[in-house]
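Me: I am new to this structure and should be grateful for a close look at a single part of it. Please begin with one strand and its surroundings, and then relate the account to other parts of the chain.

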Amino acid sequence: MIAAFVSSGCPVNRCRLQGINCRAGGGDFPSFLPKEVHNIRDPSTRTLARRIQRLPVKVDFAESCIMSSCVMPRVRRDADPVVLLHCFDSSCLEWRGVYPVLEVLGFETWAIDVLGWGFSDLERRPPCNVAAKRCHLYQLWKSHIHRPMTLVGPSLGAAVAIDFATHYPEAVDKLILINPNVYAEGTGTLKQLPKPIAYAMASLLKSVPLRCYSKLLVFEGISVSRMLEYTNVGRLHCLLPWWEDATVNFMLSGGYNVTSQIQKVKQKTLLISSEHDKIVNSKLTQRLKRELPNAICREIPDCGHMPHIEKPYLITKLIAEFASQKKTTSVPLLVDQRSCNKQIV
């Protein structure tokens, strides 16, 4: 069964064996997750965490396959898949409320960790700049999905999605962007920091107090107990030994700046905006709607920055309805290395 999912483009048999060994056995968590996963109490998070796997992804900027974390569909469908990205410095566990419902509705659903975040094996410290993230996602798609997808990106994940869709339009049929953070000019002045200060910033970024404070900004009327639980889930990937190196690499590389790519998006796009988002102003979402060639917008009432966690059933409904619409692109599946060989240093 594993042969159906492991890439034939990854020539090393060792990668295939690693792909098998990285699966969780029985009711256990995968062995590569930080041990703190056992402290998480939320049943939906625990269930999704048990399903995280690592798949081999061969990229030109690494000597061996990157064992890349994601939640795979149990069943392949004839219809195009739904692929879920996540926010800045987060993981596929964001989709703990949405993923199982999409699966019950019959969608082939993937929840993928963007390179440098999540639970992939980055022991060899590959570059985690924008070009590397794009190339890694493309090679994962090419090796394991290889069909046009509905690509879903929340917050900075929307910038990841736009960047990917404009470079590889054959891979994306539709876009769904949730409270899209796409007008930031990368990491700004952070890219000019000396490395020791950048590492200090990374250490602060994963600290419990800062993560708790961010939850107060992101979620409407969150209780203390839920804030602590969300913090434990949201920083779980930060406990991996390579997280700081990957974070600093991304920070000093300049980050995402996709403003010039927005009008190049050809895919039909659904924009989802939250009424009480304190991170992305709704005016920016309306600006994005005007600048995208083919976009519609829906607003989520009484909700903060992460509606896929606060109101998963409503977000699932919007994703399902939009993904089910008639196919919008007829771009042939191409196999090339555009942008995979550029600026990955």
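Reply: What follows is a description of strand E5 and its partners, followed by an aromatic cluster, a second strand and a patch on the surface. The model is predicted, and the description should be read with that in mind.

Strand E5 comprises residues 149-154, and 6 of its 6 residues are buried. Its residues point in two directions: Met149, Leu151 and Gly153 one way, Thr150, Val152 and Pro154 the other. Residues on either side of E5 are buried. In a regular strand, side chains alternate between the two faces of the sheet.

E5 has pairing partners in E3 and E6. With strand E3, residues 82-84, the pairing is parallel and spans 3 bridges. Within this pairing, Leu84 has Val152 of E5 as its bridge partner. With strand E6, residues 172-178, E5 also runs parallel, and here 6 bridges join the two strands. Gly153 finds its bridge partner in Leu177 of E6. Helix H5, residues 156-167, completes a right-handed β-α-β unit together with E5 and E6.

The loop between E3 and helix H3 leads to the aromatic residues, for it holds Phe88. There are 8 aromatic pairs in total. In one of them, the ring centres of Phe88 and Trp117 lie 5.4 Å apart with their planes at 75°; since an angle over 60 degrees counts as edge-to-face, the pair is classed as edge-to-face. This pair links distant parts of the chain, as Trp117 belongs to the loop between strand E4 (109-112) and helix H4 (130-145), and the two residues are 29 apart. Their surroundings can be stated for each residue in turn: Phe88 is partly exposed, with a relative accessible area of 37%, whereas Trp117 is buried at 3%.

Phe250 and Tyr256 form a further aromatic pair, with 6.1 Å from centre to centre and 45° between the planes, and this pair is tilted. Phe250 counts as buried because its relative accessibility of 4% is under the 20% cut-off. Tyr256, at 5%, counts as buried as well. Ring pairs join Phe88, Trp117, Phe250 and Tyr256 into a cluster.

Strand E1 offers another view of a covered strand. It spans residues 52-57, and 6 of the 6 are buried, so the strand is largely enclosed by the rest of the structure. Ile52, Arg54 and Pro56 point one way from E1, while Gln53, Leu55 and Val57 point the other way, and all of these are buried. E1 pairs with strand E2, residues 66-71, in the antiparallel sense over 6 bridges. In that pairing, Val57 of E1 stands opposite Ile66 of E2.

The account closes at the surface. A nonpolar patch there consists of Ile197, Met201, Leu204, Leu210, Tyr213, Leu216, Leu217 and Ile279, which together have about 680 Å² of accessible area. Helix H6 (195-205) and helix H7 (208-218) are the elements that give two or more residues to the patch. H7 supplies the largest share, 4 residues. Met201, one member of the patch, is located in helix H6. With a relative accessible area of 34%, Met201 is partly exposed.

Conventions:
Residues are numbered from 1 along each chain as its sequence is written. This is a predicted model: local features need pLDDT of at least 70, side-chain atom pairs count only at pLDDT 80 or more; totals for chains, interfaces and linings use all residues. Side-chain values use heavy atoms; hydrogens and water are left out. Buried means under 20% relative accessible area, exposed over 50%, partly exposed in between (1.4 Å probe, protein chains only). Two strands pair if DSSP finds at least two bridges between them. A crossover is right-handed if, with the strands pointing away from the viewer, the path from the first strand over the helix to the second runs clockwise. Patches are made of residues with over 30% relative accessible area and no salt bridge: like charges are joined within 9 Å, nonpolar side chains (Val, Leu, Ile, Met, Phe, Trp, Tyr) within 5 Å. Accessible areas come from the Shrake-Rupley method with a 1.4 Å probe; for residues, only the protein chains shown count as cover. A salt bridge is a side-chain nitrogen of Lys or Arg within 4 Å of a carboxyl oxygen of Asp or Glu. Rings of Phe, Tyr and Trp (its six-membered ring) pair if their centres lie within 6.5 Å; planes under 30 degrees apart count as stacked, over 60 as edge-to-face and the rest as tilted.
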